[in-house]
Amino acid sequence: MFEKELIQKCIAQERQAQERLYRQYADKMYNVCLTYTKDEDEACDVLQEGFIKVFRSLASYE
């Protein structure tokens, strides 16, 4: 599945597409979060909040 198609499915709130997007980027995003927080639990919280923001704002993605 191409990224554009994946994003369109996420915008349509298809859970499988959202999970796929999450799994595709979670590790990289977690490492960034951990770099800034220095705490694993806090990094997980920041990661989750980040994905919530991503899913809420995907419709405006260009």
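Reader: What makes Cys44 count as partly exposed in this model?

Author: The model is a predicted one. In it, Cys44 has a relative accessible area of 36%. Buried requires a value under 20%, and exposed requires one over 50%. Cys44, at 36%, falls in between, so the label is partly exposed.

Reader: Why is the sulfur of Cys44 not bonded to that of Cys33?

Author: The closest cysteine sulfur to that of Cys44 belongs to Cys33, and the two are 8.7 Å apart. A disulfide needs the pair of sulfur atoms to be within 2.5 Å. The separation is therefore too far for a bond.

Reader: How many disulfides does a search of the whole structure find, and what is the situation of Cys10?

Author: The search finds 0. Cys10 takes part in no disulfide, as its nearest cysteine sulfur, that of Cys33, lies 18 Å away.

Reader: Is Cys10 buried or exposed, and how do you know?

Author: Its relative accessible area is 2%. The limit for buried is under 20%, so Cys10 is buried.

Reader: And Lys4, buried or exposed?

Author: Lys4, a residue of helix H1, has a relative accessible area of 66%. Exposed means over 50%, so Lys4 is exposed. Its C-alpha atom is separated by 32 Å from that of Asp41, 37 residues apart from it along the chain.

Reader: Why are H1 and H2 described by the word they are given for their orientation?

Author: The axes of H1 (residues 3-11) and H2 (residues 15-37) come within 8 Å and cross at roughly 125°. Perpendicular covers 65 to 115 degrees, and antiparallel starts over 145. The angle of roughly 125° fits neither, so the pair is oblique. The crossing of H1 past H2 is left-handed.

Reader: Which residues make that contact, and how do they divide by type?

Author: From H1 come Glu3, Leu6, Lys9 and Cys10, and from H2 come Ala17, Gln18, Arg20, Leu21, Gln24 and Tyr25. By type, these residues are 5 nonpolar, 2 polar and 3 charged.

Reader: What is the pattern of the protein along the sequence, and how many helices and strands does it have?

Author: The pattern reads α-α-α, from 3 helices and 0 strands. The C-alpha trace spans about 35 × 20 × 20 Å along its principal axes.

Reader: How much of the protein counts as buried, and what share of the contacts joins residues 24 or more positions apart?

Author: Of the 62 residues, 24% count as buried. Among contacts with a separation of 6 or more, residues 24 or more positions apart account for 40%.

Definitions and conventions. Residues are numbered from 1 along each chain as its sequence is written. This is a predicted model: local features need pLDDT of at least 70, side-chain atom pairs count only at pLDDT 80 or more; totals for chains, interfaces and linings use all residues. Side-chain values use heavy atoms; hydrogens and water are left out. Buried means under 20% relative accessible area, exposed over 50%, partly exposed in between (1.4 Å probe, protein chains only). Axes are lines fitted to C-alpha atoms, for helices over the stretch in contact, and angles run from 0 to 180 degrees between N-to-C directions. Helices (H or I, at least four residues) and strands (E, at least two) are DSSP runs, numbered from the N terminus. Angles under 35 degrees count as roughly parallel, over 145 as roughly antiparallel, 65 to 115 as roughly perpendicular and the rest as oblique. A crossing is left-handed if the near helix is turned anticlockwise from the far one by less than a right angle, and right-handed if clockwise. Contact means heavy atoms within 4.5 Å. Ala, Val, Leu, Ile, Met, Phe, Trp, Tyr, Cys and Pro count as nonpolar, Asp, Glu, Lys and Arg as charged, and the others, Gly among them, as polar.
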